[in-house]
Amino acid sequence: MANCIICNHSLTSQNDSAEHIIPNAIGGFRKVWGFLCNRCNNTTGHDWDAVLASQLNGLCHFFDVKRERGSIPDQTISTTAGETFRMLSQGGFALPKPTVDKTEAGGRTQYQVVARDMPEVRRILRDLQRKFPKIDVEAELAKVQARTSYPKGMVEIPCQIGGVQAGRSIVKSAVALVHDSGIPAVACDQALVYLRDQNAPACFGYYSTTDLLFERPVGVPLHCVAVSGNSTTGMLLGYVEYFGFLRAVVLLSETYIGPNIENCYAIDPTTGMQCDLSVRLQFSQADMVDIFDYKHCDNEAAKQAADAVFGPGMARKRQREQSHAVKEAVRYAFENCGAQPGDILTEEQLRIIARLMSERLIPFIVSLNQPRPLPPSSNLRSDI
């Protein structure tokens, strides 16, 4: 077996580990063995991949990324109206915390409680009962009303990528695909220096001036890792893309002497399905210097790439919320129309169902006229 690419210790059946080429936290499924020891896998996962996943967590929520294991952590977001919510892993929003408003009127003290679920309401009422023993908790719980509401302002999806730790996760993914292609990871000499030495300069740069993918599927927020090795030029290059618009080119080596290779691993993180694509990576040493100097960071091109996946993503969000709203309206109406399961509905009950469904759907219908969420800006931070 090979050595661990980070600590360079020999890998054995006891210390070998499965490493995701694309981090599981953002939707990766494919794994490689004989690449990292258990210790370095845990360390890089905690120190590098976790930082990258945190930076992309808002996009994971927006695109409903499918993960091999675990759920997407809740994400705190803000709106242009000054609201704050938590995006939930199962979909939808929740208040970041409950509110208890106190008012004094006519010598009486009143409390209005807004909570996220019934257990939370009960806990708050229990706390108030300690101060006001006459409060009948069960009677107050019977008065609780569940309401559906939508953000008033445009939702700002947090998105940034880069920095020392996330940058190393990006490069590690490219080296992992080289290893998976049957090329020893030691061929990635410049990348290994960067991964092993915290003071080494970055060996990648962000790229958005042209689309490097052939026949890109329309509207798909792709994750993609590709590698290209040319023994004639000595260039061993990598390409890493997240969500279809966050793109980086990696200089793995300038002295490559192995077999010529072209390999691409791309997935649709909304389904977990692999895509059969290819990437054109034909950059010279001079080209890489320009990429490192941010000369290929075209903000308008990056925005267009983001819009290409964000628009269809917004349409999917709307369709899912519409289905959810209709389903909940139907459930609520039938549960409160006065009929029992199996009953033949009367004309009066049908009228009640129609009225209750309409009332329940009003928040969703009103939300359709609200401004759309803000598309994520391509905020790329240097690794220096």
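**Exercise 1.** Which residue in E4 is the bridge partner of Ser78?

*Solution.* The model is predicted. Begin with the strands: E3 covers residues 75-79 and E4 covers residues 84-87. These strands run antiparallel and are joined by 4 bridges. Within this pairing, the partner of Ser78 is Thr84. The hairpin of E3 and E4 has 4 residues between the strands, and Gly82 takes a positive phi near 85 degrees there.

**Exercise 2.** Determine how E4 is joined to E5, and which turn residue has a positive phi.

*Solution.* Strand E5 consists of residues 93-94 and runs antiparallel to E4, with 2 bridges between them. Next, locate a facing pair: Met87 stands opposite Phe93 in E5. Finally, inspect the turn of this hairpin, where 5 residues lie between E4 and E5. Gly91 in that turn has a positive phi of about 105 degrees.

**Exercise 3.** Compare the expected span of helix H1 with the distance between its end C-alpha atoms, and locate the kink.

*Solution.* Helix H1 comprises 18 residues, 38-55. At 1.5 Å a residue, the expected span is therefore 26 Å, where the factor is one less than the number of residues. The end C-alpha atoms are 25 Å apart, which agrees. A kink of about 40 degrees is centred on Gly45. Buried residues of H1 include Thr44, Trp48 and Leu52.

**Exercise 4.** Identify the residues that His179 touches, and the backbone oxygen that its side chain reaches.

*Solution.* His179 is placed in helix H5, residues 164-180. Leaving aside residues up to four places away in sequence, His179 touches Val32, Trp33, Gly34 and Phe35. Its side chain reaches the backbone oxygen of Gly34 at 3.4 Å.

Definitions and conventions
Residues numbered from 1 in each chain as written. Predicted model: local features only at pLDDT ≥ 70, side-chain atom pairs only at ≥ 80, totals over all residues. Heavy atoms only, no water. Polar contact = N/O pair within 3.5 Å; in protein donor to acceptor, adjacent residues only side chain to side chain. Contact = heavy atoms within 4.5 Å. Bend = angle between axes of the 7 residues up to and from the residue. Buried < 20%, exposed > 50% of the residue type's maximum accessible area, 1.4 Å probe, protein only. Pairing = 2+ DSSP bridges.
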